[in-house]
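Work through the exercises below with the sequence and the coordinates at hand. Each task is followed by a solution in steps.

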Amino acid sequence: MEIDLSICQETLNRDPVLYLDLTETVRRGEGRLLAATPRGALAAFHSYEKDGQDLGFTMFADDLPTAKRLLAMLPSQPGFLTVHEDFYLDELEKRFGFSGLRPCWQMGYLRTMTPFAPDCGAQVRQLELSHLPTVVEHYAENGVDDGYLSGLIEQGELYGAFDGGTLMAFIGRHAEGSMGLLEVLPQYRRRGLGRLLQSHMIGLELSRGRVPYGQVFDGNEPSLALQRSLGMTSSMGRLYWAVRNE
């Protein structure tokens, strides 16, 4: 019998923006639903499949017994996991060694028109591998490795704001489908480049029939302010990223 998210729709409707990484993954066909009950659901991201094994996941659970049942379905060393509750973070550490998980706010763009972008005198275009050293220099401190970033460039998922041949800022789409990786190089800040790139990505996602979404770390007030000024809606609850860097 085929499973779908309708069985837990009442729960998902309580905070629909919070669960966009799960619901959009399934709706877009960028992942597959592994389990769904009125109390929780688990989906795997196609982009994290390796050698026929699922390694990237997103889940929610309303209670600890449901969380434990869903976590038992994961491989012994998942590479990436987003969870939407904090009461089983200890279980994540005990089972998989994940620790130090930082809370994020999920931001979703629920409108149909691309937000206004300022005229910064910059051109937006896809990055090339020649730009990788700059991206690594300014983003590697976020725990993202070179291989991941080069893969996004090769897939056409990283974009930059350029003044001629000079890269001033960049943004992208993470492997699991969220917008992110926004970084404005220090010497080019306060020119509206972040807003320009975020608006560009929202427009791209809308043109592909997707609901644009992304995450902002709790406490990153400048980023939260930018997202809200563009019309992004914040989740009521927080989610947590668990990433294995090896």
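The exercises treat the whole chain, then a helix pair, then a single residue.

This is a predicted model, in which local features need pLDDT of at least 70 and side-chain atom pairs count only at pLDDT 80 or more, while totals for chains, interfaces and linings use all residues. Residues are numbered from 1 along each chain as its sequence is written, and side-chain values use heavy atoms, with hydrogens and water left out.

**Exercise 1. Determine how many helices and strands the chain has, and assess its compactness.**

Step 1. Helices (H or I, at least four residues) and strands (E, at least two) are DSSP runs, numbered from the N terminus. The chain has eight helices and eleven strands.

Step 2. The radius of gyration, taken over C-alpha atoms, is compared with the globule rule, 2.2 Å times the number of residues to the power 0.38. The chain's value is 18 Å, close to the 18 Å that the rule gives for 246 residues, so the chain is as compact as a globular protein of that length.

Step 3. Along the principal axes, the C-alpha atoms fill a box of roughly 55 × 35 × 35 Å.

Step 4. Buried means under 20% relative accessible area, exposed over 50%, and partly exposed in between (1.4 Å probe, protein chains only). Of the 246 residues, 52% are buried.

**Exercise 2. Describe the crossing of H5 and H6 and the residues that meet there.**

Step 1. Axes are lines fitted to C-alpha atoms, for helices over the stretch in contact, with angles from 0 to 180 degrees between N-to-C directions. The axes of H5 (residues 132–139) and H6 (residues 146–154) come within 10 Å and cross at roughly 130°.

Step 2. That angle makes H5 oblique to H6; angles under 35 degrees count as roughly parallel, over 145 as roughly antiparallel, 65 to 115 as roughly perpendicular and the rest as oblique.

Step 3. Contact means heavy atoms within 4.5 Å. From H5, Leu-132, Val-135, Val-136 and Tyr-139 meet Asp-146, Leu-149, Ser-150 and Ile-153 of H6.

Step 4. Leu-149, Ser-150, Gly-151, Leu-152 and Ile-153 are the buried residues of H6. Their cover includes H5, S7 (158–163), S8 (166–173) and S9 (179–184).

**Exercise 3. Is Gly-31 buried or exposed, and which residues does Gly-31 touch?**

Step 1. Gly-31 lies in strand S1 (residues 31–37). At 10% relative accessibility, Gly-31 counts as buried.

Step 2. Not counting residues up to four places away in sequence, Gly-31 touches Thr-25, Ala-44, Phe-45 and His-46.

Key. A crossing is left-handed if the near helix is turned anticlockwise from the far one by less than a right angle, and right-handed if clockwise.
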